[in-house]
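Ready for a few short exercises? Take a look at the protein below, and then work through each task with its solution.

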Amino acid sequence: MEQLKIETAGHESHRPEVTLPVVSESVREEIERKRLAVKGNSTTPDLTTDQSAKPTVDSSTPLATTHRYEINPHDLNVFALTSFGILPLMGILAALYGKIQEYIPQRLVNTVTKEIISQSILIISGIVLLIVIIAVVGSYLSLVQKYYKFTLTSESNQLKTYQGLFQRKSVTIPINRIQALRVKQNVLRQWAKISTVQALAASSAGDDDKGNDMMILPVIKTHDVFNQLKPFVSWAPDQFISLERLPRQNYFYFIRNAILWTLIPIAGCIYFFRLWGAFSLLLLIIAFFLGWYSSSNTGWQLHGDQLIMQSGWLFTRTEFIIPKKNVQSFSLNQSIWMSHKKLAHLRVNVRHGNHNEQVEIRYVPFKDAEKIFNWLRIRN
């Protein structure tokens with residue numbers, strides 16, 4: 001049994017037109033067969049199914065599958081171990097620890113507190129290490145079960161995915177609904193040389209936890225990204241395109257902005273915690289590297305009829321490949337100060353689900369931003 005969601009080009013803002021909570025797999029198979037049998041239908045629905053068990057055979061495929069990708073178990077393990085998902089989990093565990101203390105008798109808390117004071121470094125280190133281990137294991141298991149035996153197939157100008165261990169999820173989407181491609185790597189995955197490829201689609205048939213992103217290649221060796229992607233999305237580049245980069249002197253603006261944002265929490269920590277608050281000055285070092293990372297990973301390029309924009313944020317590099325025809329709107333922004341320095345921010349908007357995705361590169365030399373702006377103005 002499975003849950004089936006169906007949407008068309010005229011779907012509502014936050015949900016598909018039809019949701020069948022519990023139906024037999026044969027219902028989806030029959031709908032799929034009839035949909036593919038109809039020629040010249042202007043409305044092509046997307047099918048999303050959540051299944052309680054792995055399907056034995058996908059008999060809904062009326063035509064031979066032309067291309068297939070299946071996740072590599074080793075790469076999936078590396079992907080799960082290099083996730084920044086441990087950070088929010090650590091925060092949740094720390095909050096739970098504080099909440100549990102409210103229900104512990106004060107007498108016991110006082111006794112434990114005295115013990116911690118007498119062996120503070122050892123006890124605190126043990127607690128922190130335990131929280132980190134639980135967070136790492138929790139994040140790892142969550143990602144492994146989510147993308148367990150992930151498969152991507154291409155058939156009849158559609159992409160179809162299957163994924164999940166405890167709950168199998170299937171998504172079918174027409175390729176022509178894809179508005180742009182997003183290639184992501186956090187800094188750990190850059191070192192491990194693996195990447196993630198997502199599709200920004202004019203559909204809500206994606207990952208509800210990540211803003212309706214449709215995962216195409218959850219984890220793939222970076223050097224093999226476009227070799228694997230090209231058979232599924234024909235307009236994708238054949239390889240990574242060499243990008244234009246920011247001049248070194250422009251790095252200063254990113255570093256300055258990152259440091260300025262840390263001054264507020266630092267001032268608060270020093271004011272309320274005095275000497276202990278001085279440890280918050282370490283945030284200045286983190287801010288420096290955040291700014292340096294963002295600036296060094298900013299890039300852009302025009303490639304045929306595609307615009308490629310890359311940015312860095314919170315130690316994660318993101319590259320967008322956007323066909324010119326899919327750009328909904330664009331803008332070039334300058335403050336008076338930036339005009340004097342001949343710099344600009346370039347923003348491009350594409351449709352993403354039922355909303356808008358704004359892609360921005362900052363502190364770009366004005367001549368380069370203007371070149372892209374004028375290129376986008378010419379609509380074929």
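The exercises that follow go from the overall fold to the cores, the aromatic rings and a hairpin.

This is a predicted model, in which local features need pLDDT of at least 70 and side-chain atom pairs count only at pLDDT 80 or more, while totals for chains, interfaces and linings use all residues. Residues are numbered from 1 along each chain as its sequence is written, and side-chain values use heavy atoms, with hydrogens and water left out.

**Exercise 1. Describe the overall make-up of the protein.**

Step 1: Start with secondary structure. There are eleven helices and 17 strands, taken as DSSP runs numbered from the N terminus (helices: H or I, at least four residues; strands: E, at least two).

Step 2: Turn to burial. Of the 380 residues, 43% are buried. Buried means under 20% relative accessible area, exposed over 50%, and partly exposed in between (1.4 Å probe, protein chains only).

Step 3: Look at contacts (heavy atoms within 4.5 Å). Among contacts with a separation of 6 or more, 62% are between residues 24 or more positions apart.

**Exercise 2. Find the largest nonpolar core and its best-connected residues.**

Step 1: Apply the criterion: a nonpolar core is a set of buried Ala, Val, Leu, Ile, Met, Phe, Trp, Tyr and Cys residues joined through side-chain atoms within 4.5 Å.

Step 2: The largest such core has 37 residues, and Leu159, Ile216, Leu229 and Val233 have the most contacts inside it. Elements giving two or more residues to this core include α5 (120-146) and β8 (178-186). Strand β10 provides the largest share, six residues.

Step 3: Zoom in on isoleucine 216. Leaving aside residues up to four places away in sequence, isoleucine 216 touches, among others, Tyr69, Phe150, Leu181 and Val197.

Step 4: Another core lies apart from this one, with 26 residues that include Tyr253, Leu307, Val327 and Leu376.

**Exercise 3. Characterise two aromatic pairs.**

Step 1: Two numbers are needed, since a pair of aromatic rings is described by the distance of the centres and the angle of the planes. Rings of Phe, Tyr and Trp (its six-membered ring) pair if their centres lie within 6.5 Å; planes under 30 degrees apart count as stacked, over 60 as edge-to-face and the rest as tilted.

Step 2: The structure holds eleven aromatic pairs. For tyrosine 293 and phenylalanine 315, the centres are 5.6 Å apart and the planes are at 65 degrees, so this pair is edge-to-face. Tyrosine 293 belongs to helix α9 (residues 282-296) and phenylalanine 315 to the loop between β13 (306-313) and β14 (316-323), so the pair ties together parts that are 22 residues apart in sequence. Tyrosine 293 is buried at 5% relative accessibility, whereas phenylalanine 315 is partly exposed at 25%.

Step 3: Phenylalanine 330 and phenylalanine 373 are also edge-to-face, at 5.2 Å centre to centre and 75 degrees between the planes. This pair links strand β15 (residues 327-333) with helix α11 (residues 366-377), 43 residues apart.

**Exercise 4. Which residue lies over the face of tryptophan 337?**

Step 1: Recall the rule: NZ of Lys or CZ of Arg must be within 6 Å of the ring centre and within 35 degrees of the ring normal.

Step 2: Arginine 256 fits, at 5.4 Å from the ring centre. Tryptophan 337 also joins Phe252, Tyr253, Phe254 and Tyr363 in a cluster linked by ring pairs.

**Exercise 5. Analyse the pairing of β16 and β17.**

Step 1: Strands pair if DSSP finds at least two bridges between them. Here nine bridges join β16 (residues 343-352) to β17 (residues 355-365), and the strands run antiparallel.

Step 2: Valine 350 has glutamate 357 as its bridge partner in β17. Two residues lie between the strands of this hairpin, where glycine 353 takes a positive phi near 60 degrees.
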